[in-house]
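Got the model open in your viewer? Grab a selection tool and follow along, one stop at a time.

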Amino acid sequence: MTSVLFLLFFFYQLWVLIHILLWTFVNPSESAFMETRLEHLQEKDEKATLRHQWVNYNQISIYIKQAVIAAEDAKFIDHEGFDWEGIEKAYEKNKRRKKIVAGGSTISQQLAKNLFLSNQRTPWRKIEETIITLMLETILSKKRILEIYLNVIEWGNNVYGIEAASQRYFSAHAKELNSFQSAKLASMIPNPKYYEQHQDTSRLIERSGIILSRMNAAQVP
């Protein structure tokens, strides 16, 4: 039984590795999160689709790149997949609040989860997230990691990727986003479905202002 489990584990890691190697020059068509969401939608309507359109790195506004790094991972350029100081701060904050209110995950960790894993918080998922994060950081450049991240993360109900988000909220292309729009989109990332329906909430406005003030300091690959 142990040998069977080991083989399954090994071949799954190999499957993940092959995909990441392919993504050095081929764009992912979808993520695990997108696939799961689409399956749920098509259970009710077999013709249902997601709002998603891939755009290359040079067709994405510098402002949204700065905003996402400022909001989600200020040390993105420097770390090797994990921000240990950020993880420690998140742990202390969660301990004080006695519930999970901060994650401390880097962009690379978030991408690992989005591409391959589920939303369930289990020890197995965290272990696998760590392994995939190391693969992403070893094989892909920071520029490629950010490009894929911006193209696959959720930005609302059935809205995935920066091009779909730009058109959904501002009727603009990703390359046309200004600093204010970018800060607002980045502020939505922790809870996109909620903020899609609550665009004028004080929390979103406050968070957007904080991100905007930090954007110039964000290092973009």
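**Stop one: an enclosed helix**

Start by selecting helix 7 (residues 142-152): ten of its eleven residues are buried, so the rest of the structure largely encloses it. Buried here means under 20% relative accessible area, exposed means over 50%, and partly exposed is in between (1.4 Å probe, protein chains only). Helices (H or I, at least four residues) and strands (E, at least two) are DSSP runs, numbered from the N terminus. The buried residues of helix 7 include Arg144, Glu147 and Tyr149.

Before moving on, a word on what you're looking at: this is a predicted model, where local features need pLDDT of at least 70, side-chain atom pairs count only at pLDDT 80 or more, and totals for chains, interfaces and linings use all residues. Residues are numbered from 1 along each chain as its sequence is written, and side-chain values use heavy atoms, with hydrogens and water left out.

**Stop two: helix 5 and its cover**

Next, pick helix 5 (residues 107-116). Nine of its ten residues are buried, so helix 5 too is largely enclosed by the rest of the structure. Click through Ile107, Gln110, Leu111 and Leu115, which are among the buried ones. What covers them? The cover includes helix 1, helix 2, helix 3, helix 6 and helix 7.

**Stop three: threonine 133 and glycine 81**

Now jump to threonine 133 in helix 6 (residues 123-139). Threonine 133 is buried, at a relative accessible area of 0%. Which residues does threonine 133 contact, leaving aside neighbours within four places in sequence? Show Gly81, Phe82, Ser108, Gln109 and Ala112; contact means heavy atoms within 4.5 Å.

Follow that contact to glycine 81, found in the loop between helix 3 and helix 4 (84-97). Glycine 81 is buried as well, with 0% relative accessibility. Not counting residues up to four places away in sequence, glycine 81 touches Thr106, Ser108, Gln109, Thr133, Glu137 and Lys142. If you want a distance to draw, try glycine 81 to isoleucine 148: 15 Å, C-alpha to C-alpha, with their places 67 residues apart in sequence.

**Stop four: the aromatics**

Colour the aromatic side chains. The whole structure holds five aromatic pairs, where rings of Phe, Tyr and Trp (its six-membered ring) pair if their centres lie within 6.5 Å; planes under 30 degrees apart count as stacked, over 60 as edge-to-face and the rest as tilted. Zoom in on tryptophan 15 and phenylalanine 116: the ring centres are 5.9 Å apart and the planes sit at 75 degrees, so this pair is edge-to-face. The pair links distant parts of the chain, with tryptophan 15 in helix 1 (residues 2-22) and phenylalanine 116 in helix 5, 101 residues apart. Are the two partners buried or exposed? Tryptophan 15 is partly exposed at 43%, whereas phenylalanine 116 is buried at 10%. Add Tyr12 and Trp23 to your selection, and you have one aromatic cluster with Trp15 and Phe116.

While you're at this end of the chain, highlight residues 6-26, which an unreviewed UniProt entry annotates as "transmembrane region". UniProt positions are given in the numbering used here, feature names are shortened, and annotations may be inferred rather than shown by experiment. In the model, that stretch is 81% helix and 0% strand, with its end C-alpha atoms 29 Å apart.

**Stop five: phenylalanine 33**

Go to phenylalanine 33 in helix 2 (residues 32-44). At 16% relative accessibility, phenylalanine 33 counts as buried. Beyond residues up to four places away in sequence, phenylalanine 33 touches Lys113, Asn114, Leu117, Ser118, Asn119 and Tyr160. Its C-alpha lies 8.4 Å from that of glutamate 154, 121 residues apart along the chain.

**Stop six: two positive phi values**

Most residues other than glycine have a negative phi. Asparagine 158 has a positive one, near 70 degrees, and lies in the loop between helix 7 and strand 2 (159-160). Then select serine 171, whose phi is also positive, near 50 degrees, in the loop between helix 8 (162-170) and helix 9. Asparagine 158 is buried at 15%, but serine 171 is exposed at 71%.

**Last stop: helix 3 against helix 9**

Finally, display helix 3 (residues 62-72) with helix 9 (residues 179-188). Tyr63, Ile64 and Ala67 are among the helix 3 residues in the contact, and Ser182, Ala183 and Leu185 are among those from helix 9.

How values were computed: Axes are lines fitted to C-alpha atoms, for helices over the stretch in contact, and angles run from 0 to 180 degrees between N-to-C directions.
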